[in-house]
Structure formats: C-alpha cells, structure tokens
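Some questions about a protein model are set out here, each with a short worked answer. Please look over the sequence and the fold before reading on.

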Amino acid sequence: MQQIELSYAIAPRRSGRALIRNPLMELLHAVREHGSISAAARALGFSYRHVWGELKRWEQTLGHPLVTGDQGRSAQLSEFGDKLLWAERQAQARLAPQIEALHADLERAFALAFDDRTHVLSLHASHDDALVLLRAHAAATAQLQLDIRFTGSVDAISALNQGRCVMAGFHTIERPPIGSIAQRTYKPLLKPGLHKIIGFARRTQGLIVASGNPLQLNGLPDVIARRARYVNRALGTGTRVLLDELLARDGLDADAVDGYARDEPSHAAVAHAVAAGQADAGLGLESAARTAGLGFVPLVNERYHLACLKSALDQPAIEALLKLLHGAAWQHRLGTLPGYESASSGEVQSLSALLPWWNFKPKKAG
C-alpha cells in the first residue's frame, strides 16, 4: 500500500463550513478547472515556473504523472491525478463532521488568546484532585485557564526553576522536621527570597485498601507484617517522598515492602489497582479511595503548596488566581472534596515561615 504524507491548513469558514486545504490538491483542482498550467498559476496567484516545478516535484515523489499535455499549452489531469483528487475529496466528505468540530474547537481556543479579560497560567504539579476541581472552577467563574501538566513534585519545581512553567505544585507533611527526607528533597530546589509559596489546601493521605479493609491494615507496619501487595508512586513524586518519610519514621525497611518497586502514575491509578485486585494497598488520597468505593486508612495530614518566583506575583494570571483562592465560592467547593480543607488558601507565604529548614540568625550589632 502506497503511503504519502500530505500537510493541511485549516482555512476560514466559507458558507458556514470549515475547509481544510492542501497545496497539491489545490494545484490539481486549478489545472482541471482552467485547462492549462499557466491559467491555473494565474488563478492561484503563483508564477508558471512555481506551479510547473511543484507538479514535477510531486510526480517524482509519488512515482506517477499528474498532468498530461505539452509545456506551455493546454493541460489536463492524468488518470492518476484525477483519482488522487477524487480520493481526497471523498476523504474530506467523510470527515466533514470531524473537520467542523476541530475547526470550532480551535476557533474557541484561539479566541481566548485575543480576549484581554482571559488569563492563562502554566502550572506543573504533583497530581491532586483539588487542582482538577480548581481548573474547572477557574475557567467557569474567573476567566482563568489553568494549563496544568501533572508530574512529580520534584519535576514540577525543577520545571519552575528552568522557566518551563510559572507555578509548581508540591506537597509535604505539616511543618516537616529538620533533617527529614522532605528537607533533603526540596531544600536544594527552593530558595528564600527567590521563591514564594501560595497556600492551597490541607489534605489527608493514607492507605487505599479494599472495601471493608479485609486484611485489617492499619499502617505500614501491618503492610509489611502481613505481606500485603503494595503499589507505589513513581520516583520523584511527593507521595513517594512521603512513603519513604513514614517508613524511616517507623524504622521500616523499604525492601520489606512487597511491591515497593511497582509504581503507578496517579492516585486514581493506585485506587484502580486496588479495586482490580492487583494490589492490597497503596499510599494515596482519601478522595481517590472514596471515588473508587474503596476503604481508606488515614495516616497523615499534609499541605499542598503552590510555588512561584517572587518576581511573578504581580502577573495578571497569578493575581487572578489569588483572588479566586481567597473567595468563599472556591473554599466551599474545596470542602466538598473528601479529605480536603482550606488552609491559608490564596495567602502568599515565605518559605522560611512554612518550611522550617532555614535558620537565619539575626545579625550582630556592629
């Protein structure tokens, strides 16, 4: 089967319909309609030399003649040229509904770019159910589009520092202690005076287990003692950092966890693995467990933080986000999500006040 690559451009609407256009097909159509290459070139606004060269280039690529007739005189499509144009028109006719839908979607999306009232905020973030809720709420009520890419907490902050996003979402236990794994993970990535943290939410993480908790797993020691099949989160995610923190706190060895090396990309995927009977437990969000109809054993409360550069706080998109997070409507919606509550939502906070890893001694008097 012959394979060719054709590039299409979406044209403006004509007679209420969306068209997709391909330069080769337009050349063939013009030759057929006007009966000569020179007339086709004039109709398309090209030189004769350009049209002739393009036809010959395509004939070499396709391995078939496209036109017949003498150069400079009348010309008509070859049988292959006719069939090629017919096949393309048939494909367009079959795909007309999809083309129309694509055109409408692109039209709506690009209309936002020309609307001065609409703001877009690029956000790389650790997976979080409240952020999914916030994205829909922001678009519906504040003309704020959150362009979210879910990734691990470490990767999210790295993306912020590399200029690939404006804001990063990550999470830690409440006031993680000095010397913790969280400190070793996040302190090299965040700098007081350079970064600011915006309060977002407090949430509960724990063991996602089968409905009724048939293995009676009440903590990580039970997971190890009963050789429960565990499903982990990927390296670089905040939940993986949290698991290692909890294991270290309880004096447990990661190698003793059956399934420590098996990971899933999100809290929902962990819940799905448990629901499908592929695992007995996994650390995750209460909201993910409740949505899947599973059991949940709370282990720790944590803060979900939004980090940005201090210099970006006056950007219109961030100002719109702060106003939204402060609002009663958002805080009410957040409270409807199992395991979530507002915690300094929308407040700009310093790193040293929230994460007690930096000790700045007061300067001595001269």
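The questions below concern a predicted model and deal with ring pairs, helices, cores and loops.

Q: How many aromatic pairs does the structure hold, and what is the angle between the planes of Tyr48 and Trp52?
A: The structure holds four aromatic pairs. One of them joins Tyr48 and Trp52, whose rings are 6.4 Å apart centre to centre. Planes under 30 degrees apart count as stacked, and this pair is stacked, with an angle of 10 degrees.

Q: Why are Tyr48 and Trp52 separated by about one helical turn, and in which helix?
A: An α-helix has 3.6 residues a turn, so residues three or four places apart point the same way. Tyr48 and Trp52 are four residues apart, and therefore about one helical turn separates them; the helix is H3 (residues 48–62).

Q: Is Trp52 buried or partly exposed?
A: The cut-off for buried is under 20% relative accessible area. Tyr48, its ring partner, has 26% and is partly exposed. Trp52 has 21% relative accessibility, so Trp52 counts as partly exposed.

Q: Why do the rings of Phe200 and Trp330 count as a stacked pair?
A: The limit for stacking is an angle under 30 degrees between the planes. The ring centres of Phe200 and Trp330 are 6.1 Å apart and the planes are at 15 degrees, so the pair is stacked.

Q: Which elements hold Phe200 and Trp330, and which residue joins them in a cluster?
A: Phe200 is in strand S8 (residues 195–209) and Trp330 is in helix H14 (residues 328–335). They are 130 residues apart, so the pair links distant parts of the chain. Both Phe200 and Trp330 are buried. Ring pairs link these two into a cluster with Tyr304.

Q: Which residue lies over the face of Tyr260, and at what distance from the ring centre?
A: A charge sits over a ring if, for Arg, CZ is within 6 Å of the ring centre and within 35 degrees of the ring normal. The residue over the face of Tyr260 is Arg240, at 4.7 Å.

Q: Which helix gives the most to the largest nonpolar core?
A: In soluble globular proteins, nonpolar side chains tend to be buried together. The largest nonpolar core here has 42 residues, and Phe200, Leu131 and Leu306 are among those with the most contacts inside it. With seven residues, the element that gives the most to this core is helix H13 (residues 316–326).

Q: How many residues are in the other core that lies apart from it?
A: This other core includes Ala156, Val241, Leu355 and Trp357. One of these, Ala156, is also listed with the buried residues of helix H7 (residues 153–161). The number of residues in this other core is 20.

Q: Why do the buried residues of H3 line one face of the helix?
A: The buried residues are Val51, Leu55, Trp58, Glu59 and Leu62. The face turned away from them carries the exposed residues Arg49 and Gln60. Seen down the axis of H3, the buried residues line one face because they fall within an arc of 105 degrees.

Q: Which elements do the buried residues of H3 pack against?
A: H3 has 15 residues and reaches 21 Å from its first C-alpha to its last. Just after H3, Gly63 takes a positive phi of about 75 degrees. The buried residues of H3 pack against helix H1 (23–34), helix H2 (37–44), strand S3 (67–68) and helix H4 (79–94).

Q: What is the phi of Gly163, just after H7?
A: Buried residues of H7 include Ile157 and Leu160. The partners that the buried residues of H7 pack against include strand S5 (119–125), strand S7 (167–173) and S8. Just after H7, the phi of Gly163 is positive, at about 80 degrees.

Q: Is Asn213 buried or exposed?
A: Asn213 lies in the loop between S8 and helix H9 (220–225). Its phi is near 50 degrees, a positive value in a residue other than glycine. With a relative accessible area of 11%, under the 20% cut-off, Asn213 is buried.

Q: Where is Asp258 found, and which residues does Asp258 touch?
A: Asp258 is found in the loop between helix H10 (238–249) and strand S10 (263–264). At 34% relative accessibility, Asp258 counts as partly exposed. Not counting residues up to four places away in sequence, Asp258 touches Arg227, Ala228, Arg229 and Tyr230.

Technical notes
Residues are numbered from 1 along each chain as its sequence is written. This is a predicted model: local features need pLDDT of at least 70, side-chain atom pairs count only at pLDDT 80 or more; totals for chains, interfaces and linings use all residues. Side-chain values use heavy atoms; hydrogens and water are left out. Rings of Phe, Tyr and Trp (its six-membered ring) pair if their centres lie within 6.5 Å; planes under 30 degrees apart count as stacked, over 60 as edge-to-face and the rest as tilted. Helices (H or I, at least four residues) and strands (E, at least two) are DSSP runs, numbered from the N terminus. Buried means under 20% relative accessible area, exposed over 50%, partly exposed in between (1.4 Å probe, protein chains only). Contact means heavy atoms within 4.5 Å. A nonpolar core is a set of buried Ala, Val, Leu, Ile, Met, Phe, Trp, Tyr and Cys residues joined through side-chain atoms within 4.5 Å. The expected span of a helix is 1.5 Å times one less than its number of residues. The arc is that of the directions from the helix axis to the C-beta atoms.
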